[in-house]
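Thanks for asking me to look this one over. My notes are below as numbered points, to be read with the model open beside you.

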Amino acid sequence: MDDFLDIQATFSDLVSNRRMPHAVLIEGGTADKRANAAKYLSMYAVCSSEKRPCGVCKNCIKAKGMGHSDIYTPKLSGKTNIISVEAVRELIKDASIIPNEADTKVFILSDVDRCMPEISQNAFLKILEEPPQSTLFILTAESSKKMLSTILSRVQVFTLKNENATDEQTDALALEIIEGILALNEHKLLLATAKLSNRVVFKDTLNVVSEYLRQALSQSVGNTNQSDIAKTVAKKLTRQRIIGLIELSSKATIKADRNVNMALLTTWLCGEYRRISWQR
Ligand SMILES: [Zn+2]
């Protein structure tokens, strides 16, 4: 249970009161943290021991391996991986059937702020208004801001601590990205941009990248008191290319705010950085 220690603290009240709500929303933290917290709660719900979640009973082990027949995750559909109204209807139908092996049936809906359009949230509201006996709905979201207030009023919200990267980490990654842009082959930049999968890290890092690029631009017009990396960029790239890179960075930051797939976004960004700096 060691991997769940910090998560346990978040749910300690819930666990000590032994009063499981019908629906919870886990927000904040990183995607991994939220997934772990959802897993922890699902173990809690299906565990067959006195002290829940024990982590060692048959139910816990299956839940931990995401192979429990009473733990259900809706199918995602479409190019943007959404939970469609049809998927919600299927889920509602499924929730009316009693659990197989545990006492509780669990539904995990991940990243609902991104995956659940309003129309699906509205369909889902029906079951939250009259939840069947012995069901637990676990929703996760980066932020609950995009959720309908009617849903929020019917779920118990748990907020995980946001552990943003430190300034030094952000700065180091920004430098890695710029060095990747300047490198002869794409490999270095691919490795660096792959670390941008978290939306917050993505935006923070690109801000610093833009700052360095602006310094490089300044360097190229004679303001020579800039950072070493800015000097290197100014030496290797034309002003036009640097401006292109700055524009791309802000465009990418705007895209990150929309509900785009982060893996696709980082791949696109890597290709565009290379194209702007190397195209003849
Ligand atoms: Zn157990």
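1. One convention first, as the helix packing depends on it: axes are lines fitted to C-alpha atoms, for helices over the stretch in contact, and angles run from 0 to 180 degrees between N-to-C directions. With that in hand, helix 3 lies across strand 1 (23-28), strand 2, strand 3, strand 4 and strand 5. Its direction makes about 175 degrees with that of strand 4. Please keep in mind throughout that this is a predicted model.

2. For the overall picture, the protein has 14 helices and 5 strands. Its C-alpha trace spans about 70 × 40 × 30 Å along the principal axes. Of the 280 residues, 46% are buried. Among contacts with a separation of 6 or more, 73% are between residues 24 or more positions apart.

3. Now to the sheet. How are the 5 strands ordered? The order is 2-3-4-1-5, in an open sheet with parallel pairing. Strand 2 (71-72) and strand 5 (156-160) are at the edges, and each has a single partner strand, so one side of each lacks a neighbour in the sheet.

4. Strand 3 deserves a closer look. Strand 3 (residues 105-109) runs parallel to strand 4 (residues 135-141), and 5 bridges join the two. Among the facing residues, K105 has T135 as its bridge partner in strand 4, and I108 stands opposite I138. On the strand 2 side, 2 bridges make the parallel connection to strand 3, with I71 standing opposite V106.

5. Is strand 3 mostly covered or mostly open? Mostly covered: 5 of its 5 residues are buried. K105, F107 and L109 point one way from the strand, whereas V106 and I108 point the other way, and all are buried. You may like to look at K105 in the viewer, as this lysine is among the buried residues.

6. Helix 5 (residues 85-95) also packs on the sheet, where it touches strand 2, strand 3 and strand 4. The direction of helix 5 makes about 165 degrees with that of strand 3. Together, strand 2, helix 5 and strand 3 form a right-handed β-α-β unit.

7. The metal site should interest you. The zinc ion is coordinated by the SG atoms of C47, C54, C57 and C60, at 2.2 to 2.3 Å. Why is the arrangement tetrahedral? The 4 donor atoms subtend angles of 105 to 116 degrees around the zinc ion, and four donors count as tetrahedral if all angles lie between 85 and 135 degrees.

8. Along the chain, the zinc donors follow the spacing C-x6-C-x2-C-x2-C. Of these, C47 and C57 are 10 residues apart, both in the loop between helix 3 (31-46) and helix 4 (58-64). C47 counts as buried because its relative accessibility is 6%, under the 20% cut-off. C57, with a relative accessible area of 12%, is buried too.

9. A last point, for contrast. S96 lies in the loop between helix 5 and strand 3. At 55% relative accessibility, S96 counts as exposed, the cut-off being over 50%. S96 and C57 are 39 residues apart in sequence, and their C-alpha atoms are 26 Å apart in space.

Terms used:
Residues numbered from 1 in each chain as written. Predicted model: local features only at pLDDT ≥ 70, side-chain atom pairs only at ≥ 80, totals over all residues. Heavy atoms only, no water. Donors = N, O, S within 2.8 Å, 3.2 Å for Na, K, Ca; no water. Tetrahedral: all angles 85-135°; square planar, octahedral: opposite > 155°, others 65-115°. Helix = DSSP H or I, 4+ residues; strand = E, 2+ residues; numbered from the N terminus. Buried < 20%, exposed > 50% of the residue type's maximum accessible area, 1.4 Å probe, protein only. Pairing = 2+ DSSP bridges. Contact = heavy atoms within 4.5 Å. Right-handed = clockwise from strand over helix to strand, strands pointing away.
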